[in-house]
Amino acid sequence: MSMNIRSMVDHENGLIDRRIFWDEAIYQQELKQIFARCWHFVAHESQVKSFGDFITTYIGEDAVIVARAKDKSINVMLNACPHRGNKVCFAGEGKIRSFVCNYHGWAFGLDGKLNGMPANELYDKTEGFNKEDWGLHRARVETYKGLVFATFDEEAPSLGEYLGDFRWYLDAILDVDDKGTEFLPGTTRSLLKCNWKYPADNFVGDIYHALWTHLGAAEATLKDAGGIVVSNENSYQASVNGHGWEFSLANNFGNAATMGDKDIIKYLRSREQEITKRLGVARGKMLGSVASGLIFPNFAFLPGYLTFRTFLPKGPTETELHSWTLVPSEASDEIKDKWRLGAMRTFSPSGILEMDDGENWEHATLGNSGYVTRNQKLCYAMNPTKGEAVPIDLPGTVTKGQLNDANQRLFFKRYTEFMEAGSWADIPLAESKF
Amino acid sequence: MTRDQLLALEAKGEHVNMQTFFDIQRFVNHEIYLLNHEILDKWADNLEDDLIYWAPIRENILRRNRTPEITTTRVSLFEEDKDSIMMRLKRNDSGMCWTEDPPTRQVTAISNLEAFHTDKADEFEVHTVFTLYRSRFERDDSTLMGRRKDIWRKVGDEYRLAGRLILLQQSTLLTKNLNVFM
């Protein structure tokens, strides 16, 4: 059954039908129309540094392996044996030479090729059987400054076109010096009983919630600094192809300060001049500022805390949160360790900020079990700076004022484009300016 | 304390005698009472200044991979000292922690208590396993099981917590948060 998503999402006026956060048929369409089409973050290159390193994760609900082969290539393939369908790798990370299926022993290389199986003479005598036809199903793979992305759609544009000018913003974290970035070891995983789009739309452009949701946590770390400071003065929302970043250029260490660690602030201050020289005044202020971002559809990050996270869908009402801490490789071990602790104490299952969020998203989702409730519209109408000019030159669709639902409306516009498209040919891409 | 010291707790010391076991058990049980009843200032009073409170993340690692599952370089679920515990208590006390109102109901059952001497006369290695049940609002619930490896320090007539390694068993936490101490 094809659902008429356009009738449920009025992105211009910011009216969103609650059924898109609940309905099983819509969810199945999302797996096909969005998750099987988009470029998805699957790993940081530092997680698969050398030959044989692998991690396992998901694209949508499809289990995948990310592995570094001998020729240094990074391979992404379904974690599913093509013979009878069992998973071929049950570890979350490690080092390996080949993936051997537990069921019949079919063995696959780090590039997914079928290398052999027990009693292979049975297949040698099988007419028409070619090992080359039965490797692990591979995805296309491209990287952007350390981040590895994959897509299963042969028609998808290049990663560069998919990210478009959002790359200009990403560089404010990924390209602040010549040494690049890395993930600290370890993946934190937890389960939220919410629809994946609630955390996604929160990160793409909802700083408004911080003024209320996080008051208690802010009291613990920011009381002496005057609490949470967010305003529409010198702050913006930027959207490109559904990706979004809302940020302040005034309160440029605001996110970082919430971790309550003076050494991280000192480090960011020490880097500001050089980053400004490299990337310009605006991006010189974006590494630690009050901000949040999302790469469409479900890969989010927070400047300052440097937490990066995917909201993996597990049905219309469950989302698995996988998160990592990213650090500049050039930082000292002491500073990296401060980030390891700071991100954990704020944005992890025990984090004083993350704990506030999960409860909200779960109950926003679960209320939709009521027929009358889910037939209501949600309000994404906030638009306090309508018609006001953006005083600086920034790429993408930019709105003045970070307290604004602009990015969220554009996220749902993008969502609708994907849900209604017959193929990638129907999906528009913003032109690059930078 | 250090995390390396906690990783070295392998139940290899000499078992304590009946009286010491009984005294330690009283403190271990009462700690749970304080936590479950949200008497957190009193709980914090019984934490040593050099406390390390550590819940590492768990990961699925192949047996043939020699890298240990738990190392001090990996990210954690909790990795606290006394100061950061006090910071967390401030959030609870702010009166603006909306998601904790109404409060979480919690009960922690502990068992398998073993207590050993260490090479320090005033420090004891104490192992327990726990089941933490939480219930919130109408029907939101979560059950977590784990193992604790503690160092309790005898100060006068009291035993005080100096180190705790919490080994939860899930590599994907099948719950949205860890909003209570274990």
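Author: A word before we start: two strands pair if DSSP finds at least two bridges between them. Please also keep in mind that this is a predicted model.

Reader: Thanks! Which residue in the turn of the hairpin of strand 5 and strand 6 of chain A has a positive phi?
Author: Strand 5 and strand 6 (residues 74-78) of chain A run antiparallel and share five bridges. Their hairpin leaves five residues between the strands. The turn residue with a positive phi, about 75 degrees, is A:Lys72.

Reader: And on the other hairpin, which residue takes a positive phi between strand 4 and strand 5 of chain A?
Author: Strand 4 (residues 53-59) of chain A is joined to strand 5 of chain A by six bridges, again in the antiparallel sense. This hairpin has two residues between the strands. With phi near 60 degrees, the residue you want is A:Gly60.

Reader: What is the bridge partner of A:Ala67 in strand 6 of chain A?
Author: A:Ala67 belongs to strand 5 of chain A, where it stands opposite A:Phe54. Strand 5 of chain A also pairs with strand 6 of chain A. There, the partner of A:Ala67 is A:Asn75.

Reader: How many residues of strand 5 of chain A are buried?
Author: Here a residue needs 20 or more other C-beta atoms within 10 Å of its own to be called buried. Strand 5 of chain A covers residues 62-68 and is mostly covered. Of its seven residues, the number buried is five.

Reader: Is A:Asn241 buried or exposed?
Author: A:Asn241 sits in the loop that links strand 15 (235-240) to strand 16 (243-248) of chain A. Its phi is positive, near 50 degrees, although the residue is not glycine. Inside 10 Å it has 24 C-beta neighbours, so A:Asn241 counts as buried.

Reader: What about A:Lys145, how many C-beta neighbours does it have inside 10 Å?
Author: A:Lys145 also has a positive phi without being glycine, with a value near 45 degrees. Its place is the loop between strand 11 (140-144) and strand 12 (147-151) of chain A. A:Lys145 counts as partly exposed because its C-beta neighbours inside 10 Å number 13.

Reader: Let's look at prolines. Which residue comes before B:Pro102 in the cis peptide bond?
Author: B:Pro102 lies in the loop between helix 4 and strand 3 of chain B. The peptide bond leading to B:Pro102 is cis, with omega near 5 degrees. The residue on its other side is B:Asp101.

Reader: Where in chain A is A:Pro297 found?
Author: A:Pro297 follows A:Phe296 through a cis peptide bond with omega near 5 degrees. Its location is the loop between strand 17 (291-295) and strand 18 (299-302) of chain A.

Reader: Turning to chain B, what is the order of the strands in its open sheet?
Author: Chain B has four helices and six strands. Along the sequence they follow the pattern α-α-α-β-β-α-β-β-β-β. The open sheet has six strands with mixed pairing, in the order 2-1-6-5-4-3.

Reader: Which are the edge strands of that sheet?
Author: An edge strand here pairs on one side only. Going across the sheet, the twist averages 20 degrees from one strand to the next. The edges are strand 2 (76-80) and strand 3 (105-117) of chain B.

Reader: What is the bridge partner of B:Val129 in strand 5 of chain B?
Author: Strand 4 (residues 123-136) and strand 5 (residues 140-155) of chain B pair antiparallel over 14 bridges. In strand 5 of chain B, the residue bridged to B:Val129 is B:Arg147.

Reader: At what angle does helix 4 of chain B run to strand 1 of chain B?
Author: Helix 4 of chain B lies across strand 1 (47-56) and strand 2 of chain B. Relative to strand 1 of chain B, the helix runs at about 75 degrees.

Reader: Finally, which element gives the largest share of the side of chain B that touches chain A?
Author: The contact takes 32 residues from chain B and 37 residues from chain A. On the chain B side these divide into 13 nonpolar, 12 polar and seven charged. Strand 2 and helix 4 of chain B each supply at least two residues. The largest share, five residues, comes from helix 4 of chain B.

Reader: Which element of chain B helps cover the buried residues of helix 6 of chain A?
Author: Helix 6 (residues 215-222) of chain A has several buried residues, including A:Gly216 and A:Ala220. Their cover includes helix 10 (354-366) of chain A. From chain B, the cover includes helix 4 (82-93).

Notes
Residues numbered from 1 in each chain as written. Chains lettered and ligands numbered in written order. Predicted model: local features only at pLDDT ≥ 70, side-chain atom pairs only at ≥ 80, totals over all residues. Buried ≥ 20, exposed ≤ 12 C-beta atoms within 10 Å, placed from the backbone. Contact = placed C-beta atoms within 7 Å. Axes fitted to C-alpha atoms, helices over the stretch in contact; angles between N-to-C directions. Nonpolar A, V, L, I, M, F, W, Y, C, P; charged D, E, K, R; others polar.
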